[in-house]
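Hi there,

Here is the structure I promised to pass on to you. Have a look at it first, and then read my notes below.

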Amino acid sequence: MLKRLLPILMLLLTLSIKGQDPITSRLYETYEKYKEPSLGERRIKHHEIQPLIQQFKANPKFEVQKVGESIEGRDLSLISIGNGDINVFLWSQMHGNEPTATQAIFDILHFLDAPDFEEEKQEILSKLKLHFLPMVNPDGAEVFQRRNALGIDINRDALRLQSPEGRALKRIRDSLDADFGFNLHDQSTYYNAELTDKPATISYLATAFNYEKDINEVRANAMKVIVYMNKIIQNYAPGQVGRYSDDFEPRAFGDNIAKWGTSLILIESGGYTNDPEKQEIRKLNYVSILSALYTIANGSYKNIPVEDYEKIPHNDRKLFDLKIKNVTYELLGKDYILDLGIFRNEIDLKGHNDFYYKSVVDDQGDLSTFYGYETFDASGYTIVPPKVANLGNNQNPKDLLQQGVAYVKTMLPDNGFSVNQPVHKTSLTFKLNTFNLQPGVNPTFFLEKEGKITHAVINGFLLDLSKPLDEQKFGNALIYR
């Protein structure tokens, strides 16, 4: 008997040392089975989640009730499951352009409905009653903006309660007197874990309930659960967890919900390399939230030292999409060595279903304390200003780029702001201003080494001209009218 149990005990010991338990690894490995396929991009709308909500409403395992309306009349629905004595309230997309956890909620609901993981789900649903409020701000989601139709930040309306969305959120919290609350957000992709070049892919916070940032039992319980989730995430995004600022904000819902007696856990979804639609981060939300529910249900979090919370590094904001360091820039006959920090800003298209990139140089100079998702050491390279040319019949983009041409004059379409090819298109009357590299300008130029153009930077995307263009990451060039 002992011989049969020994491999299992060794596996449990190994997972424990790594900060991982058997349910966590299985959750990660089987995720695709439960992922909601209709929600694959960030710009999801209220009408897209209604069929999903109706599916759960027709399922006897779930309770679904309308709990309010947005300013523009879109329903707010609360989805509940479980019969335990511990109430856990989870809400997402209080900010309309922060949808990662909304997608993860529907993945979690599918998991709770599936026949797998029977023992673990029995543990969760017999001890807890879970209440999900997805998409608190559907009017903001419709136009992919932070604020609601009134133009206010719902997360700063916990005291005045002017928004119907905020009133619904408060009413639910009070009616449940929730033991735990999960406040689910997205943060800027430019946050990094302090003193590292790693993005803060997930950031946590046990919200303060006063200016003194005191720690009572309610807040300590949130801290312990966060320590547990952090150990889980370290297995899949090592070093990519941050701790959000705990400065007390008296108007904020998270701070007040903690003040009202709920152990409040803030989860912020940040950035992850080559994951613009945040689908890997969505998966990490799914794994960490379900793992948190499991430790709350079985009570194992209670034995975690609260001091371990302070070991999670703070959030910092020192990431660029592209950092070019040590590049030579000639100005008025003299050479200077610069670092460049480039942001690839997203500009929404009409309808708010898609976007294009319009990049800027955010900063330049000594950026040695900053990092990039992509970093290029341009020591020995010189910046070469771009040229404008007429589009010839047999010229392909790579030929143009190797000649230092980044702008081509051509007949432009009636509408549109971007092109997929890595050269900017311009009107026939377009004139390029004198090249002057400054913060705020669009980063379009070339890099030369030993008299040869080797790289192009087009709209903030770095292209190695020695390699096929179609094998490199590129967003879009721009149309100049």
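Before the helices, one term: contact here means heavy atoms within 4.5 Å. With that cut-off, Ile49, Leu52, Ile53, Gln55 and Phe56 in α3 meet Phe106, Leu109 and His110 in α4. By class, this contact of α3 with α4 has six nonpolar, two polar and no charged residues. Please keep in mind that what you are looking at is a predicted model.

**The helices**

Two packed helices are described by the angle between their axes and the distance between the axes. For helix α3 (residues 46–57) and α4, the angle is about 25° and the axes are 12 Å apart. Angles under 35 degrees count as roughly parallel, so α3 is roughly parallel to α4. The crossing in which α3 passes α4 is left-handed.

Helix α4 (residues 100–113) also packs against α10: their axes come within 9 Å and cross at roughly 50°. These two helices are therefore oblique to each other, and their crossing is right-handed. On the α4 side the contact is made by Thr100, Ala101, Gln103, Ala104, Asp107, Ile108 and Phe111. On the α10 side, the residues are Gln279, Ile281, Arg282, Asn285, Tyr286, Ile289 and Leu290. Sorted by class, the contact of α4 with α10 has eight nonpolar, four polar and two charged residues.

Helix α10 (residues 279–298) has another helix to look at, α5 (residues 118–127). Here the angle is about 65°, with the axes 9 Å apart, and α5 and α10 are therefore roughly perpendicular to each other. The crossing of α5 past α10 is left-handed. Glu120, Glu123, Ile124 and Lys127 in α5 meet Leu290, Leu293, Tyr294, Ala297 and Asn298 in α10. The residues of this contact divide into five nonpolar, one polar and three charged. Leu290 is worth finding on your screen, as it is listed in the contact of α10 with α4 and also in the contact of α10 with α5.

**The sheet of eight strands**

From α5 you can step straight to a sheet, since α5 lies across β2 (75–81), β3 and β4 (128–133). The helix runs at about 85° to β4. In which order do the strands of this open sheet of eight come? The order is β1-β2-β4-β3-β5-β9-β7-β8, and the pairing is mixed. At the edges stand β1 (63–69) and β8 (241–243); each has a single partner strand, so one side of each is left without a neighbour in the sheet. From one strand to the next, the twist averages 20°.

Within this sheet, strand β3 (residues 86–92) and strand β5 (residues 180–186) pair in the parallel sense over five bridges. To find the register, look for Phe89, which stands opposite Gly181 in β5.

**The sheet of five strands**

Another open sheet has five strands in the order β16-β17-β19-β23-β18, again with mixed pairing. Its edges are β16 (387–390) and β18 (418–419), each with a single partner strand, so one side of each has no neighbour in the sheet. Strand β19 (residues 424–426) and strand β23 (residues 477–480) pair in the parallel sense over two bridges. Thr426 stands opposite Tyr480 in β23.

**Two hairpins**

Strand β11 (residues 319–331) is joined to strand β12 (residues 334–348) by eight bridges, and the two run antiparallel. Tyr329 stands opposite Tyr336 in β12. The hairpin formed by β11 and β12 has two residues between the strands, and Leu332 in the turn has a positive phi of about 55°. Strand β11 is also joined to strand β14 (residues 371–377), by six bridges, and these two run parallel. In that pair, Leu319 stands opposite Tyr371 in β14.

The other hairpin is made of β21 and β22, also with two residues between the strands, and here Asn459 takes a positive phi near 55°. Four bridges join strand β21 (residues 452–458) to β22, and the two run antiparallel. Val457 stands opposite Leu462 in β22.

Are the residues of β22 (residues 461–464) buried or exposed? In a regular strand the side chains alternate between the two faces of the sheet. Phe461 and Leu463 on one side and Leu462 and Asp464 on the other are all buried, so both faces of β22 are covered.

Happy exploring, and best wishes

Terms used: Residues are numbered from 1 along each chain as its sequence is written. This is a predicted model: local features need pLDDT of at least 70, side-chain atom pairs count only at pLDDT 80 or more; totals for chains, interfaces and linings use all residues. Side-chain values use heavy atoms; hydrogens and water are left out. Axes are lines fitted to C-alpha atoms, for helices over the stretch in contact, and angles run from 0 to 180 degrees between N-to-C directions. Angles under 35 degrees count as roughly parallel, over 145 as roughly antiparallel, 65 to 115 as roughly perpendicular and the rest as oblique. A crossing is left-handed if the near helix is turned anticlockwise from the far one by less than a right angle, and right-handed if clockwise. Ala, Val, Leu, Ile, Met, Phe, Trp, Tyr, Cys and Pro count as nonpolar, Asp, Glu, Lys and Arg as charged, and the others, Gly among them, as polar. Two strands pair if DSSP finds at least two bridges between them. Buried means under 20% relative accessible area, exposed over 50%, partly exposed in between (1.4 Å probe, protein chains only).
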